[in-house]
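User: Hi! I'm new to protein structures and would like to learn how to read one, feature by feature. Could you walk me through it?

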Amino acid sequence: MKTNTANNQTRSLFRKIQYLSVMLVFLCIGSVVASAQTTVRGSVTDENGSPLVGVSVSTDVNGKKTGTATDLDGNYSISVQGGATLTFSFIGYLDETVNPEGRTDINVSMKPDTKLLDESVVIGYGTVKKKDILGSVSTVREQALDDRTTGNVIESMRGLTSGMKITSSGQPGSNASIVIRGLGSLTNNSPLFIVDGNYGGSEVGLNVEDIESIQVLKDASSAAIYGSRAANGVVIITTKKGTKGGLKVKFDSNVELNWLPRYDLMDAETYKLYDDRAYAEAMLQGVEGVTGYQNHFEANTDWQDEMLSMGVLQNYNVSLSGGSDDIRYYTSLNRMVDDGALYGTGYDKYGFRVNTSGRKGIFEFGENFFYTRSSRDNMGSSSWSNFITMPPTIPVYDANNPGGYGYGSSDRANTYALNPVAQENINESVNDEEYMYGNIFGQINLFKDVFKAKLNLAYKSYYGITNKLRKKGNWTMGQGDDAASVSSSMAKHHDILIEHTYTFDKTFGKHDVDAMVGMSYNRFHEETRSATKLDPLTVGDKYITSINAATGTTSATGGYTESALISYLGRINYAYADKYLVQITARRDGTSKLPQGNKWGNFYSGSVGWRISSEDFFDVPAINDLKIRANYGVLGNTNIGVWDYQSTINTAPRAVLGASDKVYVGMTQSNLTNNDLVWESKTTANVGIDMTAFRSRFTVAAEWFLSKSEDLLVYLPILWTTGNEGGAPATNAGSLQNTGVELELGWNDRKGDFSYAVNLNLSHVRNKVLSLGYGQTVYYTGTSISEIGKPLGMWYLYEMDGIFQSKEEVVAHQNSEGKIIQPNALPGDIRYVDYDDDGQIASTDRHIVGSPWPWLEMGLGVNLAYKGFALNLSGYGRFGQTVFNGARATAGDFNTNQNNFNGLKPWTQENPSTTHPRIIYGDTRNSRNDQDRWLEDGSFFRFSDISLSYSLPSSLISKIGFEQIKVSVIGKNLVTFTKYSGLDPEFADGGIYTLGYDGCSFPNPRSVSFGLTFTF
Amino acid sequence: MKKIIIGVLCVALAIFSACSEDHLDIQNENTLSTGVFWQTEDDIEAGLIAVYSMFYRQGTWTRNIYPQMQGMADDGVSYAGWTELNEWTKFKYTNYNFDEVNGKMWREHFTTIYRANQVLAHIDKVEFADATHKEDLRAQTLWLRSFYYFYMTALWDNMPLILDVSSAADQPANSSPEAVFAQLETDLRTAIEALPETRDAENTARPTKGAAYALLAKVYMQWHKYAEAKTCLEWLIEGNGASIYDLMPDYGANFSNKNENNKESIYEIHFSLTHYVGFDQTDNYLDPNAQLGTQIEEVQSPKDIGWNNVEARRWLVDYYKRETTVTGEYDPRLYYTLWYDSVESDFPNRTHDIYGSGWKSEWGSRVWIKKYSTDVRPLYYWNDNNFRVLRLADMLLLYAEAENELNGPTDKAISALNKVRNRAGLADIQNSTYYKGATASKDAFREQIKIERGLELSLECVRWIDLKRWGFTTDELAKITARDPDFDNFVIGKHERMPLPQRECDNNPNLKQNENY
């Protein structure tokens, strides 16, 4: 904290001096009447006296800017109007402004700009200078976030730093997920979010415009101070504080038009053709009960047309900020309205923030307060699969059905597919949420800021209520006479954090010591209630949604959870002569989530760094700063349920035993538990190099890491033979290793009015299972396998080996003993690989056919600016992963009358295909889910954001009192390079057991938005 | 300044010490912990109720056992629009993890076993005021566990036999049907000793001595231990059971919710609509208001009326029509069992209500299952019709079969079979105008028993067990296939049992998949 304040003070002092000199210059200009021009010459050198080439030299002539640049010897010549000043600017150096005052020969020696290196970075309970960082920390600054219209903090970080995998579901108001440096844990891989010193994630609906910076602590040494909660990394978000000066008003507005990608599905006419073909095959095959074609419905419904439209997202933000030496403030008000592009979804959010901080003598104090309130119209259907499963022949509305919606019928469209329009209309679900989030802190600075004591109290409170109405009516074949119902469920929680920290910071000659100790207490409490009542009253067509007004059966549930965490923490940073850097962190955590005796865990980390560039022997002028660092640390994790170690009795079972239908209460243990859980630990070793070179234009950060997670706390599915119900118990199961390299490269430069910056980050993570739980050596989940020594979740499927073209080929498909492997196959069926050579296709023929892990993740940022124009491109890509296209599997070749994609060319006698089998209704031999036919290369690169903005010249708008007026247009997800045939290669998969599985996931919307920002 | 420092340190110290470990001891009081349970008679009783409550699950007796056992056997067929569901009744098992059938059934059967094992593990630690009551509770639990294992054997044959309380790391090995039968023999013998011969009207869902004999008889029959089976059956037919059980004069009374717990019924699974649930509920093990009904009617109702997951094979109609009653009418069992194209003209003097209509010509030659339907209109997800899982007619025919296997078609065997025929209004088998020479030899009589059982017990989840007992030889299979073309897919040595859920075999090194899967 000290460094930060001191830095700011120094900076503001400089700024004052600059302002003064500028003022003086203006005064001079004012006093001197326009005079004759003179030519000024000279040379420009760097701090060592070497000539600088290409330095821009500019001056004002009659209010117009003119300029030149230094030549190969560093010389320049320019004509200057009497009284005008000369400005020398060069990337990597501080600007120099000189008043010739009649001189014609001016030599300038420019000073390197060390701002970039002196920048302080928040690392948790303190800050360090960026150049002194010993861990792996990435920073995202306000400017980078500026042009992102997303309402979600996590999404706004996409592609901006290395080593992060961000996936979002695209639903209005939904949260995105973030994984830092591969999977380290098996329960929860979300990093810890710290907002202004308070625990809290992106779920609180943080306003992106309020953010000043985001730091991502990726390795153990950086994150160690957060101990048990930091095993997946830490994202530290700092909101704006206001700057010294008068009141500054900033207004941002943004209107985004968004739309969702669509499947290219068959229309009714094409569908009928193919569906009849599938029935013909079924009759040929002798599928029982199929004696003729379907008497198709006559409609031609495009279910995507019914459900998808152009969405409009509006985001408005006003902030007021300012401050003096003693006090600073920042307040903002935000409104976001998202009329989802999917029918029946939407999101509406208000938020306001008040941040103040001040200083009086030895006391420092401040608060950050944030309140947000949102309303979300929940999706009532699983639309993306319905689009495929619903035949286009079915009408949207059908008066013959209860509720009046169309759906399957055994003769006309024999399918249990769900009508998404009906689901959305019949089910109403609105989720209202309120967050109150903030902290207050007080600090005493003693002995000239050498010793500081800080008390921080943070509080997060949540209140959410979901009201649902289920009207009468059906959406699928075979649905009974369902009752209408109203329900209301509420959740309320609060999270209290009390922390005090004591810091000591002093420089003794060449020794720089910065130490901190602290203690933190965190308690979380949640209450939930839910009530459902059948048969709400109606007035005409209108349902009365008050629970009191319903007349049917009532059911209610309610409960609470509570947990606590006590931590003692400490850290010492030591630097000698700015060359040798050491950091040691220790933390002791006690949690209520583990059993007596296992509650406490000790975690520590140590880092060393060597700034080679500060050594006397180092003499590479091109390199401004060079540092090697290494660290090692252990972090703990208890990302499990609050009471997972306690066994409980289920009191819900009921039975009737006799004539009077009396209901008896049963009790039993349903959930098995492991009562001996211990801390999960993650050991990380990290070696990195940071370099800044070529006049600070070029930056490199390269990193190698190895992390090993042990005693992984995981809900490892257990055998059904145990009789366990209600989800697998938590267990300490096995260990996992991630190794990886990360590289961040940056180049920025300026040529006159044109400036540009290119940032590229690359990361490669390799994951390996070291051991599995319950003594298993291999673990299977549906379509994947996790084996010791291999990456987690490899695709484990039947392998397709072409299509039988003839009866002869069926007979020829034999194992080594001459047994015909698929005797019942017909021409047009898939030839599967008999992997175990036992002469039949059975479960033992599955084998590893691909990996869901990418070998490279890449982020790219390009910023170009010319005068008021700025063009920013940010892209993100993942390469090498094999993904499962669930949409194609869902289409399933008409086996239950699903729709399919245009361009389908199945095998037929007339047009034999070698890639696509024949289509058969009522037979899943060719469309089984567990085959590698549905796997695809999931590599992609996408320009997730492309923005173009124009800021009006300040000379123009300052006259009307404005500081900045900026208009921008932003395109999101408009350009994607991929071979993946699914809707969106950047889909949200189902988590650790279904990595890379695209089960008709909600795709990311594409959008174009228009923004207007002004500040005065 | 010093004061301030001292002040700060004091506050710090105070807060440090205030945060003691007590704050980390947080008990879950949302429900009872296992540590305070299993202490009293009431706890044991509640533990047993939790076993009974497993009847109301989709993977047990609420839903899936009916279409699966009927569909596999030759009396039922599935034309369900859900292709995978349909394939599973036709020996076309593609995905062994198919959750609706194999997942749910496996899982919920083992949950029942786990619940029963908890009661059995704790019962001896509890003091009971009345030892008889304690033994009754133990016997009920043993009976229920045996009952479930009997059906698990019918479905999978080689699943693990688990008799102790489970723990998360368990990896039980396969068992054989014989090992299971041996265990059931021991357990049911214990149950027979402790169970009362009759129950009062409030406790009819609890098994009686007769239910234990009947279940044990079925176990012995599957084990081909005919002499032991016969002894059990004798208790029911000639022994004490004779004064308790008798055939109902009206066959239909066995499948009506208006004649439950009648004298023909030896054990019935009790269903109720007391808990009204507005929607088709997926199994919610935590819902105290969960439904307590059966979906047998929904799964077997005609297409476009209910789910129609299963319907009857046409041969049943033809077989029923082979003989008429002594008064010249069609077999009343046909009327009570099926709806088919000529049902109205075949039974002109009876009422016909196929969910609000008569037979529709568009239904063609399909045959709907009427057995266990109720008169609730419109059809609801559940009904409250108790399922007569053990009834006297079954026992009489088993007796005839056991006796025939032991001594050939003796008078006793023939008389037991005739009792069942006579109740349906048919003449004694010796006088049948259609079946000639049925009592001429052991083999002939066995073939006759197969037909009689098929007609008397059709679509009651008995047929599949019978087919398994009689065995699938090539000849036998040809005959079955003629009635049910699904058996075209049947591979001898493989399809006598279903595959085990693949995930269970994959993740349990001690559990082998059934042969040839």
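**Reading the two chains**

Analyst: Sure, let's begin with domains, whose bounds come from an automatic or database domain assignment. For chain B, that assignment gives domain 1 (41-195 + 495-507) and domain 2 (296-489). Bear in mind that this is a predicted model: local features need pLDDT of at least 70, side-chain atom pairs count only at pLDDT 80 or more, and totals for chains, interfaces and linings use all residues. Residues are numbered from 1 along each chain as its sequence is written, while chains are lettered from A and ligands numbered from 1 in the order in which they are written.

User: How many residues does each domain of chain B give to the contact?

Analyst: Two residues are in contact if their C-beta atoms, placed from the backbone, lie within 7 Å. The C-alpha centres of domain 1 and domain 2 of chain B are 27 Å apart. Domain 1 of chain B brings 24 residues to the contact, and domain 2 of chain B brings 27 residues.

User: Which elements give two or more residues to the domain 1 side?

Analyst: Helices (H or I, at least four residues) and strands (E, at least two) are DSSP runs, numbered from the N terminus. On the side of domain 1 of chain B that touches domain 2, they are helix H3 (65-72) and strand E1 (76-77) of chain B. H3(B) has the largest share there, seven residues. Sorted by class, that side of domain 1 of chain B has 13 nonpolar, five polar and six charged residues. In this sorting, Ala, Val, Leu, Ile, Met, Phe, Trp, Tyr, Cys and Pro count as nonpolar, Asp, Glu, Lys and Arg as charged, and the others, Gly among them, as polar.

User: And how many residues does the contact take from chain B and chain A?

Analyst: Chain B puts in 93 residues and chain A puts in 87 residues. Five helices of chain B each supply at least two residues to its side: H1 (2-18), H2 (41-52), H4 (83-87), H5 (99-122) and H19 (502-506). H5(B) gives the most, with eight residues. By class, the side of chain B that touches chain A holds 44 nonpolar, 30 polar and 19 charged residues.

User: Why is chain A as compact as a globular protein of its length?

Analyst: The radius of gyration is taken over C-alpha atoms, and the globule rule is 2.2 Å times the number of residues to the power 0.38. Chain A has twelve helices and 53 strands. Its radius of gyration is 33 Å, close to the 31 Å that the globule rule gives for 1016 residues, so chain A is as compact as a globular protein of that length. Along its principal axes, the C-alpha trace of chain A spans about 105 × 70 × 65 Å.

User: What is the strand order in the open sheet of four strands?

Analyst: Two strands pair if DSSP finds at least two bridges between them. Here the order is E40-E41-E42-E45 in chain A, with antiparallel pairing. Strands E40 (778-781) and E45 (847-850) of chain A are the edges, as each pairs on one side only. E40(A) and E41(A) (residues 784-787) pair in the antiparallel sense over four bridges, and Tyr780(A) stands opposite Ile785(A) in E41(A).

User: Which strands pair in the parallel sense over two bridges?

Analyst: Those are E48 (residues 882-885) and E52 of chain A. They belong to an open sheet of three strands, ordered E49-E48-E52 (chain A), with mixed pairing. Its edge strands are E49 (935-937) and E52 (997-998) of chain A. Asn885(A) has Asp998(A), in E52(A), as its bridge partner.
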